[in-house]
Amino acid sequence: MAELRALAFVPVDIDALATAEGRIAVFITPDLKLSAGARRLNRLTKGALARATGSEAWEKMSEGKAMTLAWPVGLQAEAVDLVKLSRRPSPELARKAGAALAVAAGSSAMTVLVEGTARPEEIALGVALRGYGFDDHKTKKGDPFGPATFMCTKPEEAEAAAAPRIAVAEGVHFTRDLVNEPANVLTTTEFAKRLEALRALGVEVEVLEEKALEKLGMRALLCVGQGSDSPSKVVIMRWKGGVKGAAPLALIGKGVVFDTGGISLKPAAGMEDMTMDMGGAGVVAGVMHAVAKRKAKANVVGMVGLVENMPSGNAVRPGDVVASMKGDTIEVVNTDAEGRLVLCDVMWHAQETEKPAAMIDLATLTGACIIALGHENAAVYSNDEPLVNAFLKSAETEKEGAWRMPLGQAYDDMLKSPVADMKNIGGRPAGSVTAAQFLKRFVKDDMPWIHLDIAGVAHVKADLDLSPKGATGWGVRALDRLIADKFEAKD
Ligand code: BES
Ligand code: MN
Ligand code: ZN
């Protein structure tokens, strides 16, 4: 498991720079107004800092990026990273600058000379988010990440502002670890076990086994897992940090630990990527981790459906008709459209038992979503303007791509079945929309709801600013912010 690097906030001590170990980072404004620490570093390095920042390469470098002085004379440090950043950077630039430092540092210890630069908490978040690796299954492990020490003009203030951001970074790492894990390790049983570990943070965790799901009538969810040797489960996580008895926000996640497609088997090429098909459940777990860690004054319930979609002699067949917990019957035309079958029962159960104030589901639901929006944006569907606008604002603040998509009767009509109340696919056109439309049939009237199709954003093949390639943890930050802004009791 990737450990978050230790982060500390201390007063500025420029006399300590000469002997600091590892790497030193310093922020230089675009107009080259050097801080006291930068001036000291320039003196110690016999003017190397000024020569670097006077270069054409520096001139051309964009804000938030870093230039490295390796093995500088006059210092014990192995390198000085010069970051171009204004004194009042946007949160996004501050995070990016922190991330650039983490990339440069690798596993080395870091002394980050923040001094008066605003938003040290966002710089720290960038350092924390980008300092991530997943090498559990390599025999040769990378070195553990060295600590990062932030020298700030107001260290207590910085530390207080950073605490909730570090909590959210831990949540993101928790999500990434789950999503990166292969399916032979992260079975439904192992997934449930890792969620049970959230009890240590004060989260109530309840695991519903197949027998209980059967009793509840979750035939749609159960039919997906019936071809697998791994037992299907629903895990309920409750964080009760808000007003006692107040209706919670419900977060619902698709947790298909591996999606072969079932009898409607997927082609071999790329099937290995379907280890990430539990990404929705992974994000729900990460948000629960974050809100518990920062002791959010909110009631949040996370509910995830954990199943494996395998072909076998017992597997659900194309053409089978199953009854959902709600009672509506579903013709399973394509066993690869399994996520919606899992979600519809979990969503119904959440509404019946938790009476939530609002419900947000997340799922790596459709390939069509990737065709529509690529890896830049998650697809956002909603029946509630205030809720969705608040979410889009949170996502924009965190710079997690999210794009509103349409719903409508004509799309719903595409789900008509000759033998059951609905079929589980709507055909090739608008595949992400008809999947959302399917889910909407399981949302009660007056229940504010958002569906997030995260197929394109949960896992990517190239490094991003804030995450190395692989699982991104998309959505943990946006949802944590939504909870902080809209679902938390203010004191
Ligand atoms: N898990 C997939 C969707 C997916 C594809 C996620 C690629 C991430 C990357 C989902 O269960 C699925 O197979 N959807 C089908 C639906 C179709 C059969 C209507 C799809 O998108 O092809
Ligand atoms: Mn599928
Ligand atoms: Zn799937």
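## Report on a two-domain predicted model

Asparagine 42 is part of helix α1, which covers residues 36-44. The structure discussed here is a predicted model. With a relative accessibility of 17%, asparagine 42 counts as buried, because buried means under 20% relative accessible area. Setting aside residues up to four places away in sequence, asparagine 42 touches Gly47, Ala48, Leu49 and Ala50.

Isoleucine 24 belongs to strand β2 (residues 23-28). Its relative accessibility is 0%, and isoleucine 24 therefore counts as buried. Apart from neighbours within four places in sequence, isoleucine 24 is in contact with Leu17, Leu41, Leu75, Ala77, Ala79, Val80, Asp81 and Thr111. Isoleucine 24 and alanine 105 are 81 residues apart in sequence, and their C-alpha atoms are 9.2 Å apart in space.

### Domains and cores

The domain assignment divides the chain into domain 1 (7-154) and domain 2 (170-487). Taken over C-alpha atoms, the centres of domain 1 and domain 2 are separated by 38 Å. Between them, 13 residues of domain 1 are in contact with 18 residues of domain 2.

In soluble globular proteins, nonpolar side chains tend to be buried together. The largest nonpolar core of this model has 91 residues, and those with the most contacts inside it are Phe150, Met237 and Phe391. Domain 1 (7-154) and domain 2 (170-487) both give residues to this core, so the core lies between them. A second, separate core of 41 residues includes Cys223, Val322, Leu341 and Leu365.

Methionine 237 touches a series of residues, not counting those up to four places away in sequence: Leu195, Leu198, Val203, Glu204, Val205, Val284, Met288, Val300, Val301, Gly302 and Val304.

### The annotated binding site

An unreviewed UniProt entry lists Asp259, Asp336 and Glu338 under "binding site". These residues span 80 residues in sequence, yet no two of their C-alpha atoms are more than 8.4 Å apart, so they gather at one spot. Asp259, Asp336 and Glu338 also belong to the lining of the largest pocket.

Two members of this set are compared in the table below.

| Residue | Location | Relative accessibility | Polar contact of the side chain |
|---|---|---|---|
| Aspartate 259 | strand β9 (residues 249-259) | 3%, buried | backbone nitrogen of glycine 261, 2.9 Å |
| Glutamate 338 | loop between β12 (329-332) and α11 (339-354) | 1%, buried | side chain of lysine 254, 3.1 Å |

The surroundings of these two residues can also be described. Beyond residues up to four places away in sequence, aspartate 259 touches Lys266, Met271, Met274, Asp277, Asn309, Asp336 and Glu338. The list for aspartate 259 thus includes Asp336 and Glu338, both of which UniProt names in the binding site. Glutamate 338, leaving aside its neighbours within four places in sequence, is in contact with Val224, Lys254, Val256, Asp259, Asp277 and Asn309. Asp277 and Asn309 are among the residues touched by aspartate 259, and Asp277 and Asn309 are also in contact with glutamate 338.

### An annotated segment

The unreviewed UniProt entry places the feature "domain: Cytosol aminopeptidase" at residues 334-341. Over residues 334-341, the chain is 38% helix and 0% strand, with the end C-alpha atoms 11 Å apart.

Technical notes:
Residues are numbered from 1 along each chain as its sequence is written. Chains are lettered from A and ligands numbered from 1 in the order in which they are written. This is a predicted model: local features need pLDDT of at least 70, side-chain atom pairs count only at pLDDT 80 or more; totals for chains, interfaces and linings use all residues. Side-chain values use heavy atoms; hydrogens and water are left out. UniProt positions are given in the numbering used here, feature names are shortened, and annotations may be inferred rather than shown by experiment. On a 1 Å grid over the protein atoms alone, a cavity is a set of points where a 1.4 Å probe fits but cannot get out, and a pocket is an open set with protein on both sides within 12 Å along at least five of seven lines; lining residues have an atom within 4 Å of a point. Helices (H or I, at least four residues) and strands (E, at least two) are DSSP runs, numbered from the N terminus. Buried means under 20% relative accessible area, exposed over 50%, partly exposed in between (1.4 Å probe, protein chains only). Contact means heavy atoms within 4.5 Å. A polar contact is a pair of N or O atoms within 3.5 Å; within protein, one must be able to donate a hydrogen and the other to accept it, and residues adjacent in sequence count only if both atoms are side-chain atoms. A nonpolar core is a set of buried Ala, Val, Leu, Ile, Met, Phe, Trp, Tyr and Cys residues joined through side-chain atoms within 4.5 Å. Domain bounds come from an automatic or database domain assignment.
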